[in-house]
Amino acid sequence: MTSPETPVREAGQDFIRDIVTADRDAGRVGEIVTRFPPEPNGYLHIGHAKSICLNFGVAQEFGGRCNLRFDDTNPTKEEQEYIDAIERDVAWLGFDWGGKAVHASDYFEQLYAWAVDLIRAGKAYVDDQSQEEMRAARGTLTEPGTDSPFRSRSVEENLDLFARMRAGEFPNGARVLRARIDMASGNINLRDPVLYRILHAVHPRTGTAWCIYPSYDFAHGQSDAIEGVTHSLCTLEFADHRPLYDWLIENLPVPSRPRQYEFARLNLTYTLLSKRVLTELVRGGHVDGWDDPRMPTIAGLRRRGVPPEAIRDFIGRIGVARADSLVDIAMFEASIREILNRSAPRRMAVLRPLRVVIENYPEGEGETLEAVNNPEDPEAGTRTIRFTRELYVEREDFMEVPEKKFYRLFPGNEVRLRYGYFVTCREAVKDDAGEVVELRCTYDPATRGGESPPDGRKVKATLHWVSAADAVPAEVRLINPLFTDPEPAPGNFAASLNPAAREVLTGCMLEPAAVAGNDAAPIQFERLGYFSRDRDSQPGAPVFNRVVGLRDSYARQAARGNG
RNA sequence: UGGGGAAUCGUCUAAUGGUAGGACAGCGGACUCUGACUCCGCCAGUCUAGGUUCGAAUCCUAGUUCCCCAGCCA
């Protein structure tokens, strides 16, 4: 079990860790064993990251182990692609599961034997009812169910039928194996739950070896027991299944007694975390795939440029509890900035270029200036940038008629060009349509390198810029929340899909050092945000994704003024 | 009207009968060659009503609100 730093909790720990601590201190358990049990029917998302960090984190903190176990009991939905993607994502998040992943399917033979034990003990029976009949006989939330006419078959007949189910004598849906518990239970999960169903399907791991598959309820707890899991952590919706989990453990000769604990799943504003919705987004072509940078999947976040440290930091900050919650996406963004601020090299890039001509700078000449790579990290050193007569600045850094508190470029105003010179805007050149197409400026040679001038003159803004002759054109994709509604309705997600979730900007101008390396390690475009090279980049045609923007108190205050 | 769970600043989360604390967000200020970062300050909470107690977020009683469960999904 290896993983980078675990966030330190200031006060108290969460209730899960309290329980584990108490169990350990009371000697109720030896080695702490947990597991992360994904079903390989989709990609992992940030909600899974909460479970991953919890399960692997607890095991690590208590010197135990955590298995990566695939809950692969439904071959009609599961695929090898998902198995591979899940392993890749968990590893990327920084966790390791001791060499090889395990699978519920590894235990199919043992599970089958235990099902036979249950039949022998009169605690399970083969039911011939159709799905509709079973549903009708299950009762409702307020009315008890009624016993199946097949409920009191003889052990011999049940044994025979179950063996023939396995042998493939019956079609899908013809029969199921059910636990014999209590059709009148207030807990519907105890109304003779299905243990095995017939599924003539090719399983990604066991192929066609089986045509009957255990249900989640029958496979999960027993798999936990086989692996010696001490604390089986799952989300709240399984709380109703705990009595069944315990019933099976108590009625089967399992090698250990795991205990299940439930915690609240993660919900995020402007985000939908449900495999059903995410799958529809992919299949419906609303996004370009599971790793589309707009997706809340681990693969999408990775491609967007979010570092795994930021995900871990975020999960550490939100804590673990049993109350339903909806976490502000701003908290996730804060974690991303926290990590990237100290690690991302700084570069200059102009997203929406506005040409600037420095009138008193000699034509055809240029010079090399020095720029700091990361003010948060002196070790990161410096780089050089080119200054010439023609530059690009950000369009929104110019206002012909400045609103109050606007300190940037406007006719007559002087600003600092970062690491460059003080420049004063003399005139805005417009085209026939009245659009500003160029700024005529002058510079002060006494301010080279961005230093303040000898006369002590001050300037209220420092702008980013790039030399027109040296700039590298690029495409930049601004990634925004996928939904416009802070709490989108899962059943009608299309209604709140954000058409501006990806804004594609072309003709962006970057300083050459921004594309010097070839890796996707995020860099900060000064004053704009953190950006990461996308794999869509071609030689000479780089593409960047915005990981997250910088905090922008000017924009906030301006928006407030307009609102 | 069955069963299971949960209610603490706007949001997330601590406090385990003894000063309701932290983070995010917001607001104000300092600093600044990034309107970033950093630093300082402010704002703001125990679902309601009773009860027990010297003392209640915590214990008791009665309510209220919200979430989950009627797959041969997990």
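User: In this model, how many Å separate a phosphate oxygen of RNA strand B from an N or O atom in the side chain of R197?

Analyst: The model is predicted, and in it the distance between a side-chain N or O atom of R197 and a phosphate oxygen of RNA strand B is 2.8 Å. The side chain of S553 likewise places an N or O atom 3.0 Å from a phosphate oxygen of that strand, while D324 has a polar side-chain atom 3.3 Å from a sugar or linking oxygen.

User: Which residues come nearest to RNA strand B, and how does the surface near the strand divide by residue class?

Analyst: Among the 71 residues around the strand, the nearest are D18, R346, R408, G449 and Q524, and sugar and phosphate make up 65% of the RNA strand B atoms that come within 4 Å of the protein. The surface near the strand comprises 28 charged, 23 nonpolar and 20 polar residues, with at least two residues supplied by each of several elements, including β6 (194-198) and α13 (553-562).

User: How should I read the size of an interface, and what area do domain 1 and domain 2 bury between them?

Analyst: Interface size is often expressed as the accessible area lost when the parts come together. Here domain 1 and domain 2 of chain A bury about 2,300 Å² between them, with 70% of that area on carbon and sulfur atoms; of the area that domain 1 buries against domain 2, P75, F218 and W247 supply 29%, more than any other three residues.

User: How many salt bridges and how many residue pairs in polar contact are counted between domain 1 and domain 2?

Analyst: The count of salt bridges is zero, whereas nine residue pairs are in polar contact between domain 1 and domain 2.

Key
Residues are numbered from 1 along each chain as its sequence is written. Chains are lettered from A and ligands numbered from 1 in the order in which they are written. This is a predicted model: local features need pLDDT of at least 70, side-chain atom pairs count only at pLDDT 80 or more; totals for chains, interfaces and linings use all residues. Side-chain values use heavy atoms; hydrogens and water are left out. Buried area is the accessible area (1.4 Å probe) that two parts lose on being put together, summed over both. A salt bridge is a side-chain nitrogen of Lys or Arg within 4 Å of a carboxyl oxygen of Asp or Glu. A polar contact is a pair of N or O atoms within 3.5 Å; within protein, one must be able to donate a hydrogen and the other to accept it, and residues adjacent in sequence count only if both atoms are side-chain atoms. A residue is near a molecule or strand if one of its heavy atoms lies within 4 Å of it. Helices (H or I, at least four residues) and strands (E, at least two) are DSSP runs, numbered from the N terminus. Ala, Val, Leu, Ile, Met, Phe, Trp, Tyr, Cys and Pro count as nonpolar, Asp, Glu, Lys and Arg as charged, and the others, Gly among them, as polar.
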